[in-house]
Amino acid sequence: MFRGLEIWRIENFVPVSVPKAAYGKFFTGDSYVILKTTSLKSGALRHDIHYWLGKDTSQDEAGTAAIKTVELDAALGGRAVQYREVQGHETEKFLSYFKPCIIPQEGGVASGFKHAEADEHKTRLFVCKGKHVVNVPFARSSLNHDDIFILDTKSKIFQFNGSNSSIQERAKALEVVQYIKDTYHDGKCEIATIEDGKLMADSETGEFWGFFGGFAPLPKKTASDEDKTVDSHSTKLLSIEKGQAVPVEADSLTRELLDTNKCYLLDCGVEVFVWMGRNTSLEERKSASGASEELVRGPDRPKSHIIRVIEGFETVTFRSKFESWPQTTNVAVSEDGRGKVAALLKRQGVNVKGLLKADPVKEEPQPYIDCTGNLQVWRVSGQEKILLPASDQSKLYSGDCFIFQYSYPGEDKEEYLIGTWFGKQSVEEERASAVSLASKMVESLKFLPAQARIYEGNEPIQFYSIFQSIIVFKGGLSDGYKKYVAEKEIPDDTYKEDGVALFRVQGSGPDNMQAIQVDPVASSLNSSYCYILHGGSMVYTWSGSLTTTDSHELVERHLDLIKPDSQSKPQKEGAESEQFWELLGGKSEYPSQKIGRDAENDPHLEFEGILFVTEIYNFTQDDLMTEDIFILDCHSDIFVWVGQQVDSKNRLNALTIGEKFLKHDFLLEKLSREAPIYIVMEGSEPPFFTRFFAWDSAKSAMHGNSFQRKLALVKNGGTLMVDLRKCAHEYIYFSLLLKLVSVCDSKKPKRRTPVSYGGRSSVPDKSQRSRSMSFSPDRVRVRGRSPAFNALAANFENPNARNLSTPPPVVRKIYPKSVTPDSAKLASKSSAIAALTASFEQPAPARETIIPRSVNLKVSPEATKPKQETNNKENTMSKRIESLTIQEDVKEGEAEDDEGLPIYPYERLKTTSSDPISEIDVTKRETYLSSSEFREKFGMSKEAFFKLPKWKQNKLKMALQLGELNFSRVKRDSISAFLAASAPKKLVL
């Protein structure tokens, strides 16, 4: 919490650092300066500076806060966005730093107030208006039917839900209730919710109205000054001339009206923007800030936000006010000022690392999905879909549309991803048909699968990792494409094996490689890629001068797929044969720079309303409401999250909503309309979505609306409770499911058989990977048992005979009573910022680095050995449940190595053994070797082996005939073992 925050309070016209323990605590008589620093994926540091004004702060203190904000921005290089925050009217971005709310306390410094003491609890009444929590007079007249009120008494907190309030508003208010309970009651008080119009139906309702002298009808809400709107306010542009705001006459607002040597005010009513040209002085900027303060203090004017932006760093909201704004603005941004300040501070012994631009975050894209599942692919032809054989699943055509269904093991159930792939030359009718057919597949699975819409050339890493090897041919085989070619009378360039064809080879490895057919001309070449060229009996491979040996290996692999029985003639850039150029129609110039793709940017979460989109700042999982639709925008792709309680009409329109979001580009970030769109259903979120959150799957599995879920958490002290009756039902269902597996598994689509490369490449296949659920010698990982199932098992197991590989159920605390401030990544920034201006008297203390705790459960040899059973009836259930785990206990009489595992000779463990060992995890054959034989075969210890990358482990295992290609057999064996035991005839709770 409070990551990247620095806070100062104005004391005697000087900003004084606020202790970290007091972050989020504001006093009504004070003014504050708040700096929020965010490290972006690009390596840049984004600064947002807010100055907060309490309702009782003096005008002098408020003016000081405004000026110090300008000075702080100048010291940081003049790039920060500055916000004026008035108590009770704060921006949503500011409030997002202090979730769920801020509740200012009475008192102040220079204003003469004394900070209120918390010796005796005082009954208070709060109203929740959107994300604002406002203290109102404790009187019946404060209540109304439209808002939600919180009555905080000494022993109980009441939430009064106005009859016209929404479920989502009520759920968010409960977060405030939890905050008040933890902050002001030490987590110890009762919670009660009162429904407007419920009269005296229960004791808690009567108790609530007793504080107001008994029940009486509520008056209609009256409009106050704070409720005034300025929807009719026309946008005005004013230029700052000698400290005065002068209107700018113009027919329409365009970027050309803004002069880099001046400052301007853009008055939009509820928002007033101060635009500061890059060439303006610090004094001119202060003058413009003063003019904006005068403007918002005018008569008959509602509370307005003041937002100050620097030329070249304008916000999306500011740019959207102009009819025309160029996509790129050439602004000379100098690093001199920042560098000089940094050099000066460095000589003074101050760590200035936080002031300088960070290096870009160089992350290798990860699929975040188990890539060993089952894949099915269909080609769309007209209104039908045709299932492709496994050997053709990776052969796509630019003129066709395809549907794929991928199933893979999730945390506690099988997960599905159903998607469509549109070739660049595919026809619109078949694209619509593909979407319709895929939607029916999703609907047949009760909307549980995630859905994807993918265009050729914009494939995400998940798509490549699922398919592993892809060849994209020109032309198409579908009826729609053939009909289109015939009607338009254009040549059909569908790939022919005996024709001239050129393929560009790309990818990062054997499990992510593509061959894309391009025009067979020299201009299609690129020095950063390798190519395959064939025509008639001639086959060439061409290696660009900027390629690596890994790229050359991918060419060999694809050559085995495109021309498996042909001998190729390798060509290096600059040493090509004449025959090679003749096949391409002669030499010509070609590029050398690698083809760029949209990179994943810092994610934004937007709430999708009926007619609007609202960004949610510093989002968390708790912001996802089950009644709504949200869009997670990562620039390179977007996710449309659909809550369980969204009506069926909007649920079916989820893809259309995503397409409209790309079309309108609400954040003005030049989104591609062909960017991948994922549709994610609540409760079935895939790991490549949940990675953007601190995800708790138990929350998304809860039932009821948002308010009911939050109320259950708040009343249970933030603990997720397990319903044993539900556990019983789950156990029965799981048992039935296991019995069906043996029947259905034979019909289940199998993972495509990995291609054998016929010895053309001397490097073993790296793509033969075991599931991510495998164990290491010091850790046992169990998949497929939900928290509810584990809770049920706990009721039947003998605690003295518990299998230590299955930890007992954990009671999870959702709302911790005490909050530990999170460490900021930019720890060294604090001291640098504090020293930037002499008026910033007390430097902020260096942030404490908090390393996330990790728990490493090790299983001792003694603990894993089975104990002698003393009561067969008592242990029957625990034995059956333990048999579900992949790792089995050591049997009596078997040899064990020094880690407590059974050992077997290498000759019986290898895949080609004539006398193989049964009942082992065949994906981890190497773990059953003795330590000495392991070192003899692998040339290293087990510990060293398991530190190697997964692909390298698999490479060594394959070379020693210890690798296993199909994990589903192991899963079936474990299930069969469970079914072999007699199930209980009746389950009694």
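Tutor: Let's start with a definition: rings of Phe, Tyr and Trp, the last by its six-membered ring, pair if their centres lie within 6.5 Å. This is a predicted model, and by that rule it holds 53 aromatic pairs.

Student: What makes F158 and F208 an aromatic pair, and why is the pair called tilted?

Tutor: Their ring centres are 5.8 Å apart, and the limit is 6.5 Å, so they count as a pair. The planes make 55 degrees. Stacked needs under 30 and edge-to-face needs over 60, so 55 degrees falls in the remaining class, tilted.

Student: Which parts of the chain does this pair link?

Tutor: Distant ones: F158 belongs to strand β9 and F208 to helix α4, with their positions 50 residues apart.

Student: Are F158 and F208 buried or exposed, and how do you know?

Tutor: Buried means under 20% relative accessible area. F158 has 0%, so it counts as buried. F208 has 1%, so it is buried too.

Student: Which residues form the aromatic cluster around them?

Tutor: F158 and F208 belong to one cluster together with F138, F149, F160, W209, F211, F212 and F215.

Student: Now the sheet. What is the order of its strands?

Tutor: The open sheet runs β7-β6-β8-β9-β10, with mixed pairing. Its edge strands are β7 (132-136) and β10 (190-195).

Student: What makes β7 and β10 edge strands?

Tutor: Each of them pairs on one side only. On average, neighbouring strands are turned by 25 degrees against each other, ignoring direction. Helix α4 (residues 203-210) packs on this sheet and touches β8, β9 and β10, and its direction makes about 95 degrees with that of β9.

Student: How do you know that β8 and β9 pair?

Tutor: At least two bridges are needed, and five join β8 (residues 148-152) to β9 (residues 156-161), so they pair. The two run antiparallel and form a hairpin with three residues between them. Within it, F149 faces F160, while L151 stands opposite F158.

Student: Which strand joins β8 by five bridges besides β9?

Tutor: That is β6 (residues 124-129), also antiparallel to β8, with C128 opposite I148.

Student: Why is β8 called largely enclosed?

Tutor: Five of its five residues are buried, so the rest of the structure largely encloses β8. I148, I150 and D152 point one way, F149 and L151 the other, and all are buried. In a regular strand, side chains alternate between the two faces of the sheet.

Student: What makes K385 count as sitting over the ring of W378?

Tutor: The charged end of K385 is 5.7 Å from the ring centre, which is within the 6 Å limit, and the second condition is an angle within 35 degrees of the ring normal. K385 is listed as sitting over W378, so both conditions are met. R651 likewise lies over the face of F447, at 5.3 Å from the ring centre.

Student: Where is L375, and is it buried or exposed?

Tutor: L375 is in strand β16 (residues 374-381). Its relative accessibility is 1%, under the 20% cut-off, so L375 counts as buried.

How values were computed
Residues numbered from 1 in each chain as written. Predicted model: local features only at pLDDT ≥ 70, side-chain atom pairs only at ≥ 80, totals over all residues. Heavy atoms only, no water. Helix = DSSP H or I, 4+ residues; strand = E, 2+ residues; numbered from the N terminus. Axes fitted to C-alpha atoms, helices over the stretch in contact; angles between N-to-C directions. Contact = heavy atoms within 4.5 Å. Buried < 20%, exposed > 50% of the residue type's maximum accessible area, 1.4 Å probe, protein only.
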